[in-house]
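Trainee: Can we go through this one together, term by term? I'd like to know what stands behind each label.

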Amino acid sequence: MNDALHLEFTVEGNNFLSAGSASDEVKNTLKKLGIKAQAVRRVAIAMYEGEINMVIHAGGGNAYVDMFADHIKIVLADTGKGIEDIQLAMQAGYSTAPEDILALGFGAGMGLPNMIKYSDRFDIQSTIGEGTTITMEIDFDQR
Amino acid sequence: MKDMYDKSISTVMLDSDKCRGCVTCMKRCPTEAIRVRNGKATVLYERCIACGECVRLCPHHAKLARYDSFDIVNDFKYKIALPAPSLYGQFNNLDDINIVLNGLKEIGFDEIFEVARGAELLSQATRKFIATNKDLPKPIISSACPAVVELILVRFHSLEDRLLNMLAPVDIVAQMAREEAINKGISPQDIGVFFISPCPAKVFALKTGLGVDKPVVDGVLSVSEVYMRLLPIMPKLKEIKPLSKVGKTGLQWASSGGEAAGLYIDKYLAADGIENVINMLTSIEDGKLNYIDFVELNACNGGCVGGVLNIENPYVAKARIRNLRNKLQFNCNTLEQYDKPNSYYEWQTKPQVKEVYRLDEDRAVAMKKMSRIEDIYKTLPNLDCGLCGAPSCRAFAEDVESGMADISMCVRMDNYYKTK
């Protein structure tokens with residue numbers, strides 16, 4: 001754990017102006033570390049989707065990011081309403097986003113599927129009424 | 001003017017006497033390429049993308065774009081001018097492009113080859129390229145604005161494969177003009193090909209040979225300097241010969257959206273102004289614009305008419321060019337006329353990404369450096385005031401870590417701790 005570079009972010013709920021700023025900062029840090037472009041891109045997409053989910057569904061949350069020599073670990077934790085049916089939520093195109101969010105062009109139901117697609121290890125824990133914690137790990141050098 | 005042409009690869013220059021060290025350019029530089037040292041703005045050239053923002057923003061006019069002096073044309077016997085379409089937007093009450101072109105002949109050019117002709121050919125070549133390469137990762141990003149290409153090469157490495165594999169209009173016409181002259185029997189060493197440029201990014205791209213095997217022009221002049229020479233001559237022209245060979249499609253490349261409109265596709269997006277460009281590139285990187293087929297990006301507001309080597313306001317120039325367009329045919333140049341393979345319009349060499357922000361080649365070392373940077377950053381006031389000479393507290397932390405700056409240069413630290 002000693003060699004990990006740790007970053008923490010607070011993601012504000014329902015604030016579309018600041019949405020994506022945490023993933024942006026992680027992205028810039030990875031670029032400075034010399035991580036390959038394709039890995040940076042996968043981190044960018046996976047983390048952006050997770051961040052947006054917290055903004056839309058959970059009233060915000062926290063992002064804990066640890067960068068290791070060969071991979072990155074991203075933990076997105078919120079204390080929102082939780083996910084009723086995780087299997088359903090992970091299906092491409094399934095969305096519970098409200099009308100006003102859909103009108104903004106978000107909520108296409110690709111959030112979780114994209115996070116799974118672009119991460120190497122994915123875990124989701126959710127309890128109704130307590131919140132959701134997503135853990136993603138992305139390797140820097142494979143694929 | 002001092003130090004004007006002494007740096008061979010520098011993109012912008014400083015008139016030290018005028019620079020007050022005010023941090024305006026440094027704060028707005030899109031690649032954090034400027035530092036204020038000893039009260040003067042200095043450029044980290046390896047980061048500079050030649051966008052010209054600092055030239056545009058400097059309140060004291062201390063930043064100067066680099067281009068060749070007009071006198072350079074006299075080094076050649078047969079002089080060919082390649083005017084950018086934005087040149088036509090600089091003149092008030094102009095109703096015929098031919099007046100500008102005849103004026104160019106009057107000030108010493110033997111031949112004119114309009115860059116907008118190359119734009120027309122590229123529109124057609126790009127349509128063909130997109131139609132035959134349906135599997136390309138989307139969106140495809142235009143490579144016409146060299147500042148945008150450079151920005152991707154330094155800051156958005158993952159988008160390198162999205163760049164349209166096509167030369168810029170000026171590269172095409174430079175090659176064609178030279179070939180035509182040689183075919184006329186003019187000796188190659190007598191031929192001088194000169195681009196009349198609206199921006200320093202084009203100057204930089206042509207000097208370094210972006211996308212081409214070797215530089216295709218012999219000099220790059222500025223629209224503003226050529227304008228000053230044309231202005232007194234144009235009203236006195238005795239005869240206006242029909243020299244112009246451009247249509248609407250080519251001319252519309254002068255302003256934002258013109259290139260994309262020439263592709264005849266629905267799902268395109270055109271953005272201009274460096275901040276919007278960065279926003280769009282960030283969105284593409286985050287996978288937010290995958291439903292768009294083609295993205296045209298111009299670093300300057302309004303497109304090429306917004307380049308800092310122009311005279312006129314970009315929106316005025318755009319309106320004038322629109323008026324000129326109305327009188328023209330749709331197309332005057334087709335690929336069939338020239339009988340070149342599509343590869344003639346494509347990159348000869350692929351531009352390479354530049355590792356200018358990487359802290360170290362060794363990732364473990366880079367991570368140690370990043371940890372130290374984080375530690376330094378936490379002690380800073382996070383005001384991004386620029387008084388230390390770096391554009392942000394984070395950039396300052398990086399400079400302190402690398403030894404480029406000393407922590408004592410932060411003048412607001414004490415203040416910060418007193419009020420905290």
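Mentor: Sure, let's start with a helix of one chain on the strands of the other: helix α14 (residues 363–379) of chain B lies across β1 and β2 of chain A, at about 55 degrees to β1(A). Keep in mind that this is a predicted model, where local features need pLDDT of at least 70, side-chain atom pairs count only at pLDDT 80 or more, and totals for chains, interfaces and linings use all residues. Residues are numbered from 1 along each chain as its sequence is written, chains are lettered from A and ligands numbered from 1 in the order in which they are written, and side-chain values use heavy atoms, with hydrogens and water left out.

Trainee: What makes α14(B) a helix and β1(A) a strand, and what does the angle of about 55 degrees refer to?

Mentor: Both are DSSP runs numbered from the N terminus: H or I over at least four residues for a helix, E over at least two for a strand. The angle is taken between N-to-C directions of lines fitted to C-alpha atoms, for helices over the stretch in contact, on a scale from 0 to 180 degrees.

Trainee: How many residues does each chain bring to the contact between chain A and chain B?

Mentor: Chain A gives 24 residues and chain B gives 26, where contact means heavy atoms within 4.5 Å.

Trainee: How much area do the two chains bury, and what is meant by buried?

Mentor: About 2100 Å² between them, with 52% of it on carbon and sulfur atoms. Buried area is the accessible area (1.4 Å probe) that two parts lose on being put together, so the figure is summed over both. K32(A), L33(A) and R41(A) supply 33% of what chain A buries against chain B, more than any other three residues.

Trainee: Why is the pair K32(A) and E398(B) called a salt bridge?

Mentor: The rule asks for a side-chain nitrogen of Lys or Arg within 4 Å of a carboxyl oxygen of Asp or Glu. In K32(A) and E398(B) the closest N and O atoms are 2.5 Å apart, so the pair qualifies. The count between chain A and chain B is six salt bridges, and the structure holds 28 over all chains.

Trainee: How do you know that E285(B) and K27(A) make one too?

Mentor: Their closest N and O atoms are 3.0 Å apart, so the same rule is met. This pair crosses between chains, from helix α11 (residues 274–285) of chain B to helix α1 of chain A.

Trainee: How many residue pairs are in polar contact across the interface?

Mentor: Twelve, with both residues at pLDDT 80 or more. A polar contact is a pair of N or O atoms within 3.5 Å; within protein, one must be able to donate a hydrogen and the other to accept it, and residues adjacent in sequence count only if both atoms are side-chain atoms. On the side of chain A that touches chain B, the elements giving two or more residues are β1 (5–12), α1 (21–33) and α2 (37–57) of chain A. The largest share, seven residues, comes from α1(A).

Trainee: What makes β1(A) an edge strand?

Mentor: The open sheet has five strands in the order β1-β2-β3-β5-β4 (chain A), with antiparallel pairing. β1 and β4 (121–127) of chain A each pair on one side only, and those are the edge strands. Neighbouring strands are turned by 10 degrees against each other on average, direction ignored.

Trainee: How do you know that β1(A) and β2(A) pair?

Mentor: Two strands pair if DSSP finds at least two bridges between them. Eight bridges join β1(A) to β2 (residues 60–67) of chain A, so the antiparallel pair passes. One of the partners in β2(A) is M67(A), matched with L5(A).

Trainee: What about β5(B) and β6(B), how many bridges join them?

Mentor: Two bridges join β5 (residues 78–83) of chain B to β6(B), so this parallel pair meets the rule as well. The sheet they belong to is open, with the order β6-β5-β8-β9 (chain B) and parallel pairing.

Trainee: Why is the bond from K138(B) to P139(B) set apart?

Mentor: The peptide bond there is cis, with omega near -5 degrees. P139(B) lies in the loop between α4 (115–132) and β7 (140–141) of chain B.
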